[in-house]
Amino acid sequence: MAPGFSDIVEEARLSARALLDYGDGLFHPTVRLGVTGLSRAGKTVFITALVHGLTRGGRFPVFEPYATGRIAGVRLEPQPDDAVPRFDYENHVRALIEDRRWPNSTVDISELRLVIDYQRQNGADRTLTVDIVDYPGEWLLDLPLLHRSYEQWSAESLALSREGPRAKLAALWHAHLATLAAAAREDEQAARMAAKLFTDYLRACRDERFAMSLLPPGRFLMPGNLADTPALTFAPLDVAIDGSAPDGSLWAMMRRRYESYKAVVVRPFFRDHFARLDRQVVLVDALSAFNAGPEALHDLESALAGILDCFRIGRSTLFSNLFRPRIDRILFAATKADHLHHLSHDRLEAVLRRAVARAADRARYAGAAIDVVALSAVRATREAMVARGREKLPSITGTPAPGEVANGETFDGATEVATFPGDLPEDPEELFKGGFAGLSSAPSEKADFRFLRFRPPLLERHGDEAPALPHIRLDRALQFLIGDRLQ
Amino acid sequence: MSEKTPQRRPATFRLDDPGVIVMDPDATTRPARGTVQVTPESDPALLPVALDAPLLPARRGFRWGALFWSAASGLVLFGLGLGVVNLIEDLFARSQTVGYVALALAAAAALALVVVIAREAFGLARLATIEKLHLRAAEVLRSDDRAESRAVVDELLRLARQNPHLARARASLAGHADDIIDGADMIKLAERELMAPLDEQARRLVSTAAQRVSVVTAISPRALIDVLFVFVAALRLIRQLARLYGGRPGTLGMLSLLRHVIGHLAITGGMAATDSLVQQMLGHGIAAKLSHRLGEGVLNGLLTARLGLAAIDVTRPLPFTALPRPALADLARDLLRKRDGEE
């Protein structure tokens, strides 16, 4: 798509903002840490654990400035943007530690500012400000729309909805779509009906049995205060990619609404939170894709590729710092590594490496530093070896969340179990070739993997202090993301 | 995890199921047949990580000392050059033949100087490589970074190529290059493969030097001879160790190595004093009871051994993690055994 006038204006705004930030950064060194992840990848838990570990003293042997004692203290400060809600850190910690439940799904954007007082290697006292943003993962799916026209998006959505297990879920919407004529006069009721059925289809795809990731537009799933506005009342139509809409037609109406969705929802979101990042951690929940099946894994792969294409990645230079900030370090993290025995972590990392290979290559080519890690921000399980007859299964023990099902048994949230989730293959390629059965295509006793969801761990309290949260490799993630800024 | 088994199915066991027994990890009793046993494992993330303190803190900021020495030696070189040019001109004025001879001598000297400087620079660069490798390996042990561990091992292999005794170890390590091994484990593997034979040899070098020093001290007629001999033996030992672990120190390299060894000795000396000084003094005391000279010899030998151990720490390209660090006690035992044999 040729850059239009609005794109040029947008660029200018971004550059002006970057210049302002740069001036500010000279006096208060700041890192904008982007915590990116689709919904249910664990963004909120990651941020909570990171803040908790830094402020209350976690166990971070690999995070060098912290382990060697150069960090004097870490505190929370009022955030820079007054219009954005504050990240509800205290409630999330309480939910994790006292109620032993995971924080509720994020419904709106929120922000938090951390200030780290540290001493440099050469002895000078400095502070580093870290700004962190949390947002519903669904919204992230909108970013790829910025570069697509309504016709392109329609064609892609339709093609996708006719594949694999999606076709069944989309049957109702397809039936309604067949009754619509794109060139017919615009009709509010038809548009509302189409949008409703389309949203229902997207919602059905999110079910645990299918675990689809590529479900734009994200606000359809998490509308916030925009529910029922025209900007959210449109749906794909069966139209030609290079066709043009006749005036006053249904097609023209949908197209107009799609454009205003981009203008009202997507662009401000990108401008305020993604165009200015310095460091990025991409959290990926590969395990629920394993649970669901090969289609979910492919879906995850393409969703990640689409999102990562939108970021500005590359080595920082003076010019880029002034006008076009770039992300110079990206960490790809497979979250929920505690749902696997540590012997399988390497294989989980290999799968993630394979899933983000294209994006990682591109980033490396642009000069950014890349790392892939299997981590767990809050470790909910312990490891155990299960011997059944002569078989030894490297397993994990923990308390499954209420309502989780295994062996046809539903857990109440109090029973402890040991579970062996299944062997990940040595070569990740086997998974991507579709050589495994998930819940989307097989009954649960035939599935090759079963990753239960566990409740947060029961922690022992020592005195009044909130206990440190156990984690897996969170310190390595921190070292990679901000360690170099604390030298 | 076994590599060849077909994929195992997922399975879940309730811990309160009567057919499931939670085992004590230390228990040795065999449980009843037909039950499922769950043995909790220690937390890998909580196991202590043994780490070497970095040799010396990395130098930062501008090095005024280096600038002074560079500038001063530049001036001296200019002075020398001027003197030589004047001399040759004078000689030419006297006789053409003598002038040409002098010119040839000067050219030969200049050539030799260039070669010597190049060799020194090469030796220094090599020492710096080893030191950097040591720091990088320590970093990998902490961060468990797989890509970096591969880079460190590659460099180690390049460094070890000159040593013909490591041919088999090199081949077996290169065979592991494509396996999935975590970063820290890769470094430990490299240490076990490449460093084990070298460590053995290094230990022998140190104990030989210590024995020689103790014998010479015991029989030497003059204190001055002791001092000279100890100094020479220490230098020789450090050079031998550096060569063993892949360094090629020239004169300047030796100076910088000596500085590092002494610095390292100063850092670790305090720690060593607490653990073995008592035993050392005790040993010295008993030996001294037997004969004054003998006691002095043993003490000098022990000091040389300690210097050798510090030199091993400095010249070894990998920190000690998988293999035990040679302890003074082992060497002291060698030393005393030898003395016993001689007496």
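**Close-up views of a predicted two-chain model**

In strand 12 of chain A, Ala418(A) is the bridge partner of Thr397(A). Like every view below, this one shows a predicted model.

**View 1. Strand 12 of chain A meets strand 9 of chain A and strand 1 of chain B.** Strand 9 (residues 391-398) pairs with strand 12 in the antiparallel sense, and 3 bridges link the two. Toward the other chain, strand 12 of chain A runs antiparallel to strand 1 (residues 11-14) of chain B, with 4 bridges joining them. Look here for Val417(A), which stands opposite Arg14(B). Where do the side chains of strand 12 (residues 417-420) point? Val417(A) and Thr419(A) go one way, Ala418(A) and Phe420(A) go the other, and all are buried.

**View 2. A six-stranded sheet built from chains A and B.** Step back a little and strand 12 of chain A takes its place in an open sheet of 6 strands, ordered 1(B)-12(A)-9(A)-8(A)-3(B)-2(B), with mixed pairing. Its edges are strand 1 and strand 2 (20-22) of chain B, each of which pairs on one side only. On average, neighbouring strands of this sheet are turned by 30 degrees against each other, direction ignored. A further link between the chains joins strand 8 (residues 382-388) of chain A to strand 3 (residues 36-40) of chain B, through 5 bridges in an antiparallel arrangement. In this pair of strands, Ala387(A) stands opposite Gln37(B).

**View 3. The largest nonpolar core, with Met254(A) in the picture.** This core has 130 residues, and those touching the most other members are Met254(A), Val284(A), Ala286(A), Phe332(A), Ala333(A), Leu352(A) and Ala477(A). Helix 10 (residues 250-273) of chain A gives the largest share, 8 residues. Domain 1 and domain 2 of chain A each contribute at least three residues to the core. Which residues does Met254(A) touch, leaving aside those up to four places away in sequence? They are Tyr150(A), Ala191(A), Phe234(A), Ala235(A) and Leu237(A). Apart from this core lies another, of 47 residues, including Val153(B), Met186(B), Val206(B) and Ala310(B).

**View 4. Where the two domains of chain A touch.** Chain A is divided into domain 1 (5-135 + 273-379 + 471-486) and domain 2 (148-265). Their centres, taken over C-alpha atoms, are separated by 32 Å. At the contact, 13 residues of domain 1 face 11 residues of domain 2. On the domain 1 side, helix 11 (286-292) and helix 12 (294-308) each supply at least two residues, and helix 12 provides the largest share, 6 residues. That side of domain 1 has 7 nonpolar, 3 polar and 3 charged residues.

Technical notes
Residues are numbered from 1 along each chain as its sequence is written. Chains are lettered from A and ligands numbered from 1 in the order in which they are written. This is a predicted model: local features need pLDDT of at least 70, side-chain atom pairs count only at pLDDT 80 or more; totals for chains, interfaces and linings use all residues. A residue is buried if 20 or more other C-beta atoms lie within 10 Å of its own, exposed if 12 or fewer, and partly exposed in between; C-beta atoms are placed from the backbone. Two strands pair if DSSP finds at least two bridges between them. Axes are lines fitted to C-alpha atoms, for helices over the stretch in contact, and angles run from 0 to 180 degrees between N-to-C directions. A nonpolar core is a set of buried Ala, Val, Leu, Ile, Met, Phe, Trp, Tyr and Cys residues joined through C-beta atoms within 7 Å. Domain bounds come from an automatic or database domain assignment. Two residues are in contact if their C-beta atoms, placed from the backbone, lie within 7 Å. Ala, Val, Leu, Ile, Met, Phe, Trp, Tyr, Cys and Pro count as nonpolar, Asp, Glu, Lys and Arg as charged, and the others, Gly among them, as polar.
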